[in-house]
Amino acid sequence: MPSISSLVVLSLAALGAVAAPAEKFRARRGQCVTDAEADQIATSYAALIVSYSDSLADTVLAPNFTDYSESVNTLINSCPQGDAAKPLPLLAPTFTSLEQFKIGQGQQPSINFERLNLWHSCDTVIIRWLTTNTAPIPEPKPVVGLISMEVIPNTNGTEYPWLIDTVYSEFDAGAWLQNLVEAGICTSGAGLPTAGNATCASASSSSIVSPATPSSVTVISSYTAPTATATYSAPAQTTDDCEDEATPTPY
């Protein structure tokens, strides 16, 4: 039978095991991103998009900076801009180092960038954003996206207490690509019509007959498939300048 002193030691050890996570959490809280720091991180990254500079990238990004974005990879593959834009698998990292990011982002044109929302945890800052001038056309389609930035403590002694280490960014690449096509920057893109045949695609699609829409909907306990009241008609052949062009596949 264990002695009373042994039981006391075991009890203290058990209490220590329970308390350890709480102690670690309290210690980590001193290293967590504050609201003000989250705002600074979001502002700094937005500045790299609006008015890029190598000096800012060196100041706010970690040396092993990595960027994941299927949206950016889609744009690179569909409408490469700059000699740094090389084809990438959609799920591959877009940039795997700070130097790669500096070369790639440094060749991109500036866009406006409006922060819509800002959230953060202990080591991650997330922003929802909007841009409205991704191409020089009268009414470009707006593009909305989300950027999640994982940060690490900055030991360089600058005014930035955190460095952005890993970014996960996704946005409406389809709208962005359409803007580039309409501006004539891309001759084609992922099956989208070119700037020259956008009108043709619009005209040919108007001959599709949609199924009739019921005038009212009644909620019932079981589903009954509606009886089709209309059929699909293939687009009529035309004899205009679009006659020899294939109908584009929507992006």
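**Strand pairing and salt bridges**

Tyr68 has Tyr168 in S6 as its bridge partner. In this predicted model, the strands concerned are S1 (residues 61-68) and S6 (residues 162-171), which pair in the parallel sense over four bridges. Strand S1 is also joined to strand S2 (residues 93-95), in this case by two bridges and in the antiparallel sense. Within that pairing, Asp67 is placed opposite Phe95 of S2. Strand S1 thus has a parallel pairing with S6 and an antiparallel one with S2.

Charged side chains provide a further set of contacts, with four salt bridges in the structure. In one of them, the side chains of Arg115 and Asp39 meet at an N to O distance of 2.9 Å. Because Arg115 belongs to strand S3 (residues 114-120) and Asp39 to helix H2 (residues 35-50), this salt bridge ties together parts that lie 76 residues apart in sequence. Both partners are partly exposed: Arg115 has a relative accessible area of 31%, and Asp39 has one of 34%.

Another salt bridge links the side chains of Glu182 and Lys141, with an N to O distance of 2.8 Å. Glu182 is located in helix H6 (residues 173-182), whereas Lys141 is found in the loop between strand S4 (124-131) and strand S5 (143-153), so the contact ties together parts separated by 41 residues in sequence. The relative accessible area of Glu182 is 41%, which places this residue in the partly exposed class. Lys141 is likewise partly exposed, at 28%.

Salt bridges with shared partners also connect Asp58, Glu99 and Lys102 into one network. Within this network, the closest N and O atoms of Lys102 and Glu99 are 3.3 Å apart. These two residues both lie in helix H5 (residues 98-106), where a spacing of three residues separates them by about one helical turn. Their accessibilities fall into separate classes: Lys102 is buried, with a relative accessible area of 14%, while Glu99 is partly exposed, with a value of 45%. The assignment of Lys102 as buried follows because its 14% lies under the 20% cut-off.

Taken together, the salt bridges described here include contacts across the sequence, namely Arg115 of strand S3 with Asp39 of helix H2 and Glu182 of helix H6 with Lys141 of the loop between S4 and S5, as well as a contact inside helix H5, between Lys102 and Glu99.

Methods:
Residues are numbered from 1 along each chain as its sequence is written. This is a predicted model: local features need pLDDT of at least 70, side-chain atom pairs count only at pLDDT 80 or more; totals for chains, interfaces and linings use all residues. Side-chain values use heavy atoms; hydrogens and water are left out. Buried means under 20% relative accessible area, exposed over 50%, partly exposed in between (1.4 Å probe, protein chains only). Two strands pair if DSSP finds at least two bridges between them.
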